[in-house]
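Work through the exercises below with the sequence and the model open beside you, and try each task before you read its solution.

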Amino acid sequence: MGFTELKKVVIVTESVIKDKVLDHIISIGAKGYTIDTVCGKGERGIRDYDTLLGEFLRNIKIEVLTTKEIAEKIMTSVVEKFLKNYAGIVYMHDVEVLRPEKFKS
């Protein structure tokens with residue numbers, strides 16, 4: 001069993017747009033994703049877990065393992081479609097996986 005190189009796209013953004021972003025990345029060709037609630041500090045201030053307004057103002061981190069081509073499409077389109085009006089960052093890592101059929105279309 002050998003290792004296969006893929007890309008991991010990480011999107012950190014506002015939870016209010018979660019469903020739209022998830023639908024978008026699946027439409028591009030991602031087979032799945034992982035989501036975490038996250039907190040941190042950036043140019044738009046501090047986002048924390050215990051906000052009084054609950055889930056609406058929380059940030060999420062979406063991780064997608066996919067091919068280079070799909071990863072690049074996800075990154076550029078998420079920035080263009082969502083991050084002009086919402087807080088967020090997008091970055092990519094090189095990763096190696098076993099069972100690559102789980103991540104490719």
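## Two helices that cross

**Exercise 1.** Describe how helix 1 passes helix 2, and find which residues meet where they touch.

*Solution.* Keep in mind from the start that this is a predicted model. Begin with the handedness, which is that of a right-handed crossing between helix 1 and helix 2. Two packed helices are described by the angle between their axes and the distance between the axes. Here the two axes come within 10 Å and cross at roughly 145°. Next, look at the residues themselves: on the side of helix 1 they are H24, I25 and I28, and these meet I70, K73, I74, S77, V78 and K81 of helix 2. Finally, sort this contact by class, which gives five nonpolar, two polar and two charged residues.

**Exercise 2.** Place the two helices in the order of elements along the sequence.

*Solution.* The protein has two helices and six strands. Reading along the sequence, you meet these elements in the pattern β-α-β-β-β-β-α-β. To see how the chain comes together in space, consider the contacts with a separation of 6 or more, of which 77% are between residues 24 or more positions apart.

**Exercise 3.** Find the largest nonpolar core and say which elements build it.

*Solution.* In soluble globular proteins, nonpolar side chains tend to be buried together. The largest nonpolar core in this model has 18 residues, and those with the most contacts inside it are V9, I11, I25, I62, I74 and V78. Two or more residues each are given to this core by strand 1 (4-14), helix 1 (18-28), strand 5 (59-66) and helix 2 (68-81). Helix 2 supplies the largest share, five residues. As a last step, take I74 as an example: leaving aside its neighbours within four places in sequence, I74 is in contact with V9, I11, I25, I28, A30, V64 and T66.

**Exercise 4.** Decide whether S15, G2 and K102 are buried or partly exposed, and find a residue far along the chain to compare with each.

*Solution.* Start with S15, which lies in the loop between strand 1 and helix 1. Its relative accessible area is 10%, and because buried means under 20%, S15 is buried. S15 and Y86 are 71 residues apart in sequence, while their C-alpha atoms are 10.0 Å apart in space.

Now turn to G2, in the segment before strand 1. With a relative accessibility of 48%, G2 counts as partly exposed. Its C-alpha atom is separated by 6.6 Å from that of L98, which is 96 residues away along the chain. If residues up to four places away in sequence are not counted, G2 touches V97 and L98.

The third residue, K102, belongs to the segment after strand 6, and at 47% relative accessibility K102 is partly exposed. The C-alpha atoms of K102 and K31 are separated by 7.7 Å, although these residues are 71 apart along the chain.

**Exercise 5.** What is the sign of phi in R99, and where is this residue found?

*Solution.* Most residues other than glycine have a negative phi. In R99, however, phi is near 60°, a positive value in a residue other than glycine. R99 is found in the segment after strand 6 (88-97), and its relative accessibility of 47% makes R99 partly exposed.

Technical notes: Residues are numbered from 1 along each chain as its sequence is written. This is a predicted model: local features need pLDDT of at least 70, side-chain atom pairs count only at pLDDT 80 or more; totals for chains, interfaces and linings use all residues. Side-chain values use heavy atoms; hydrogens and water are left out. A nonpolar core is a set of buried Ala, Val, Leu, Ile, Met, Phe, Trp, Tyr and Cys residues joined through side-chain atoms within 4.5 Å. Buried means under 20% relative accessible area, exposed over 50%, partly exposed in between (1.4 Å probe, protein chains only). Helices (H or I, at least four residues) and strands (E, at least two) are DSSP runs, numbered from the N terminus. Contact means heavy atoms within 4.5 Å. Axes are lines fitted to C-alpha atoms, for helices over the stretch in contact, and angles run from 0 to 180 degrees between N-to-C directions. A crossing is left-handed if the near helix is turned anticlockwise from the far one by less than a right angle, and right-handed if clockwise. Ala, Val, Leu, Ile, Met, Phe, Trp, Tyr, Cys and Pro count as nonpolar, Asp, Glu, Lys and Arg as charged, and the others, Gly among them, as polar.
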